[in-house]
Amino acid sequence: MKTWYNTIVPHRYLDWLKQAERDLGHARFSLERGDYEWACFAAQQAAEEAVKALHLFLGQEAWGHVVAKLLRELPIPVPEILIEKGKVLDGFSILPRYPNGFPLHTLASFRPRRLLPMPVRSLHSSVLRWPDRNEVEKALRAWAQKVRVEHPEILRIGYFGSYATESWGVGSDVDIVIVVAASKKPFMERPQDFDTTSLPVPADLFVYTAEEFAALKGKFSRVLREEAVWIVG
C-alpha cells in the first residue's frame, strides 16, 4: 500500500525492520540455550531497531537507545503498556560492569556496555553535542529529588564513573547508585522502578539495600569510595 509516509521516507526502514527480526531470532535462540543475559540484550536491541524502523516509516529519524523514550517520541499514539514493556527491556539491557557489584548469589554474568551513544542534536546546528558534567549533574539533582518523593525508602543517591571523574566523552553514560532501606525485589529487577528517560544521557542504575551496600567489598567498593558524588543523603 502506498501512503504519504513511504513516498517521502527512504526505504531503509525495511533494513531496520529486517535487523530487528534477526535480533529477535537471536534472543529466542539465546533463551533456549539458557543464555539469559544475551537474550535480554538481543531482545532490547530488536525492540530498539523495530521502533526506529517505525520512526523512519513515519517520516522522521530517531536517535538514542532507550526504547521507552523512542516509543514516546513517535508521532502516533502509543499504548502505555508498550512503554512499560519498553522500560522493562531497557532495565535488563543496562549491564553492570563489575561482577562484585552484585549482591551474593545473584546473576552476575551480563555483558558490560561502556558506551551507549545518544547524541543531542541542536535545532540550530548540524553538530551533535554531548552533555557536559554540569548539565548532567543539574539534571541528576532534579531527577533525584523527584524520585525521592516517589520512593521514600531511598536513603542515598549518587553517581560515579566518567562523569564523576571528569573523563566523560561522546557516548558516555552516567552510573547511578541508589541505596534503599529495604527491597523485596531481586537485585536485577530494582532498576525498573526508576524512570531515567528524562536524563540527558543513558544511565546505568545499581540499586542496593542498606545491608547489601554495607557489605560491598573489592574493586567496586573502592570505586564507589573514591569516585562517588552523593547528591542525596
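**Close-up views of a predicted model**

**View 1. The open sheet and its edges.** In this predicted model, four strands make up an open sheet of mixed pairing, in which the order of the strands is 5-4-3-6. Strand 5 (203-209) and strand 6 (229-232) stand at the edges with a single partner strand each, so that one side of each is left without a neighbour in the sheet. On average, and with direction ignored, neighbouring strands of this sheet are turned by 25 degrees against each other.

**View 2. The pairing of strand 3 with strand 4.** Strand 3 (residues 154-160) and strand 4 (residues 174-180) run antiparallel and are joined by six bridges. To follow the pairing at the level of residues, one may start from Arg156, whose bridge partner in strand 4 is Val179.

**View 3. Two helices against the sheet.** Helix 6 (residues 133-150) packs on the sheet, where it touches strand 3, strand 4 and strand 6, and its direction makes about 165 degrees with that of strand 3. Helix 8 (residues 218-227), for its part, lies across strand 3, strand 4, strand 5 and strand 6, and runs at about 85 degrees to strand 3.

**View 4. An aromatic pair between strand 3 and helix 8.** The model contains 10 aromatic pairs, and one of these is formed by Phe160 and Phe220, which meet edge-to-face with 5.7 Å centre to centre and 85 degrees between the planes. Because Phe160 lies in strand 3 and Phe220 in helix 8, the pair ties together parts that are 60 residues apart in sequence.

**View 5. The crossing of helix 2 and helix 3.** The axes of helix 2 (residues 13-33) and helix 3 (residues 36-57) come within 8 Å and cross at roughly 165 degrees, which means that helix 2 is roughly antiparallel to helix 3. The crossing of helix 2 and helix 3 is left-handed, and the residues of their contact divide into 17 nonpolar, four polar and three charged.

Technical notes
Residues numbered from 1 in each chain as written. Predicted model: local features only at pLDDT ≥ 70, side-chain atom pairs only at ≥ 80, totals over all residues. Heavy atoms only, no water. Pairing = 2+ DSSP bridges. Axes fitted to C-alpha atoms, helices over the stretch in contact; angles between N-to-C directions. Contact = heavy atoms within 4.5 Å. Parallel < 35°, antiparallel > 145°, perpendicular 65-115°, else oblique. Left-handed = near helix turned anticlockwise from the far one by under 90°. Nonpolar A, V, L, I, M, F, W, Y, C, P; charged D, E, K, R; others polar. Phe/Tyr/Trp six-rings, centres within 6.5 Å; stacked < 30°, edge-to-face > 60°.
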